[in-house]
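Please take a moment to look over the structure below, and then follow the paragraphs that come after it at your own pace.

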2 protein chains.
Amino acid sequence: MLQIGEFSKICQVSVKTLHHYDRLGLLTPARVDPLTGYRYYLPEQIDTMNYIQRLKRYGFSLEEIQRILALSDERELRLLLRRQKEKLKLEQREMATILNELQTHISVFERTGDIMTVQKSYVIEVKNSPVMHVLTNRAKMGVDEFGKYYGALFERVPRERVTPTGLNGARYYDEEFNSESSDIELFIGIREREKADTVMEACLCAMTVHHGGYSTLSEAYGAIVSWILENGYRIAGAPFELYLKNQFDSLAPEDWETEVYFPIAKQ
Amino acid sequence: MLQIGEFSKICQVSVKTLHHYDRLGLLTPARVDPLTGYRYYLPEQIDTMNYIQRLKRYGFSLEEIQRILALSDERELRLLLRRQKEKLKLEQREMATILNELQTHISVFERTGDIMTVQKSYVIEVKNSPVMHVLTNRAKMGVDEFGKYYGALFERVPRERVTPTGLNGARYYDEEFNSESSDIELFIGIREREKADTVMEACLCAMTVHHGGYSTLSEAYGAIVSWILENGYRIAGAPFELYLKNQFDSLAPEDWETEVYFPIAKQ
DNA sequence: GCTTGACTCTCCCCTTGGGGCAGATGCTAC
DNA sequence: GTAGCATCTGCCCCAAGGGGAGAGTCAAGC
């Protein structure tokens, strides 16, 4: 039997951590002296501890680790490991995108000497939005469910024998930016006016083109809104985006292009 | 002037976050009504908010961001951005290593059907440690200062005209594994017995070879210690490691090799 | 047998970046 | 005048522990 200090040294974790895991029920000592409360561990528990540390490195939370330890189904475990791998890969790609963004930022900063240039370079245009015949799908959704809802929308294309124009986008009705549940209307442009759910008429808009991944998209929104406020217009409707170039064109995030439109009217 | 709700929508951050930033002094509203406490923001503050979100994506903490916003020195800012880039790159490399580890784990698991195999594959040997003549440097250090202290040690090689054998390692005296401050003795093996600081005599050891990066090294320690406890030996001295293959051989972490030695004696 | 120092216990507060809710006002429109 | 939002402050909560206080425990030395 090992005292907590010895066990902690062998496993290279702090005593605090062992207390914590005991309290969570994640790794309870083999024996706890009922009089003194001293914790005693068995050598076999070193393996369990190493396994826990390993799963922690893989990015599982302690709660998930606890479930994994209690798991008897081998297939389920396999599934969880694979899913975690995909999650790590995704994080890695996101980190690569951010690194790219940071590199761009540094270059622009060193060239111009202004730290804000990189996010102020939006050219705002006032023009009529294009007329579009669209299939639409409006729902309360989280931004992570975008793909799911878009999929459902695209399934209608062959079924209803329509021809996509390639102009796809989304309109944000309640702009709370909850990110977990917003009122979003997805749409895909089609040629056939008579088969469309809606015809989006032209309307006067302030718009700009956003280059890059969606994490910086709010900067485009900010740029347009401040332009509107500073130029004597007011927002006259829900804003929408058109996805000109994105991941479905097999492009890296830094090459994506998105048009952001805000319907406006003179004050 | 914008109310907090409008400002929050434009910047796509929650009202809670704006309250939080106000309390931290990170982004204070341009005007706060002294009677009602209502916060009012200027359109220009949208840029600041976007800048903050950008720095947050780059991985700066809110405290760091506050310092950056207060910064007037352009060179210092450049330095901070570059340093952050290096930090992100390091994280990215670490994530790649972990992904590799996870992939190996999944393969071994699918081949053997046992989730623990991958960390139980240490072959423990009982043998005499090699006799080594070494230059040593014992100090309280954090694991992240390893490189620094090793550098100092290697500078002595040309100065004292000694010939490295390529057997380098470290001995851990106080095995608290504080990771921030441990009593560690670094050593590099040399040919010349008479010029050595210490001669490490052969002693009976339980040892194993660890393959892979150092994040899993504690599993080797755990494996040896449980073997010692289960086989009627006791630990008879401070353990040490020999770095056979590592980053200085331009190898990826998964190809590194480390020998771990624990001096032992019969119970 | 006593003391000393090392080890361990529980309990409470702290960290980061906010989220959620309660109860109280404020603002605006009808 | 009042209904329905918007907003305010204040309090507790999350994960994964860290730090320290104050008290009890254990083994060794005298």
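In this predicted model, a good place to begin is the meeting of the two protein chains, where the contact takes 51 residues from chain A and 51 residues from chain B. On the side of chain A that touches chain B, at least two residues each are supplied by H1, helix H3 (44-57), helix H5 (74-112), helix H6 (117-120) and helix H8 (217-230) of chain A. Which of these gives the most? That is H5(A), with 21 residues on the side of chain A that touches chain B. Sorted by class, this side of chain A has 22 nonpolar, 13 polar and 16 charged residues.

The partner helix in the other chain deserves a careful look as well. Helix H5 of chain B covers residues 74-112, and at 1.5 Å a residue its 39 residues should span 57 Å, which agrees with its end C-alpha atoms being 57 Å apart. The buried residues of H5(B) are B:Leu81, B:Ile98, B:Glu101 and B:Leu102, and these buried residues pack against H3 and H5 of chain A. To see how positions along a helix can share a direction, recall that an α-helix has 3.6 residues a turn, so residues three or four places apart point the same way. After H5(B) comes B:Gly113, whose phi is positive, near 75 degrees.

Chain B also holds a small piece of sheet to trace. Here 3 strands form an open sheet in the order S1-S3-S2, with antiparallel pairing. The edge strands are strand S1 (2-3) and strand S2 (31-32) of chain B, each of which pairs on one side only. S2(B) is joined by 2 bridges to strand S3 (residues 39-41) of chain B, and the two run antiparallel; in this region B:Val32 stands opposite B:Arg39 in S3(B).

Now step back to chain A as a whole, which has 8 helices and 12 strands. Why is chain A described as more spread out than a compact globule? Its radius of gyration is 27 Å, well over the 18 Å that the globule rule gives for 267 residues, so chain A is more spread out than a compact globule. Along its principal axes, the C-alpha trace of chain A spans about 80 × 55 × 35 Å. Buried residues make up 27% of the 267 residues in chain A, and among its contacts between residues at least 6 apart in sequence, 67% join residues at least 24 apart.

Finally, turn to the DNA, beginning with strand C. Of the 18 residues around DNA strand C, those that come nearest are A:Gln3, A:Gly5, A:Gly37, A:Arg39 and B:Lys16. The elements giving two or more residues to this surface are helix H1 (4-11) and helix H2 (15-24) of chain A, together with helix H2 (15-24) and helix H4 (62-70) of chain B. The largest share, 3 residues, comes from H2(B), and by class the surface near DNA strand C has 5 nonpolar, 9 polar and 4 charged residues.

For DNA strand D, there are 19 residues around it, of which A:Lys16, A:Ser61, B:Gln3, B:Gly5 and B:Gly37 come nearest. At least two residues each of the surface near DNA strand D are supplied by H2 and helix H4 (62-70) of chain A, together with helix H1 (4-11) and H2 of chain B. Here the largest share, 3 residues, comes from H2(A), while the classes are 6 nonpolar, 9 polar and 4 charged residues.

Note on methods
Residues numbered from 1 in each chain as written. Chains lettered and ligands numbered in written order. Predicted model: local features only at pLDDT ≥ 70, side-chain atom pairs only at ≥ 80, totals over all residues. Near = placed C-beta within 6 Å. Helix = DSSP H or I, 4+ residues; strand = E, 2+ residues; numbered from the N terminus. Nonpolar A, V, L, I, M, F, W, Y, C, P; charged D, E, K, R; others polar. Contact = placed C-beta atoms within 7 Å. Rg over C-alpha atoms; globule rule 2.2 N^0.38 Å. Buried ≥ 20, exposed ≤ 12 C-beta atoms within 10 Å, placed from the backbone. Pairing = 2+ DSSP bridges. Expected span 1.5 Å × (residues − 1).
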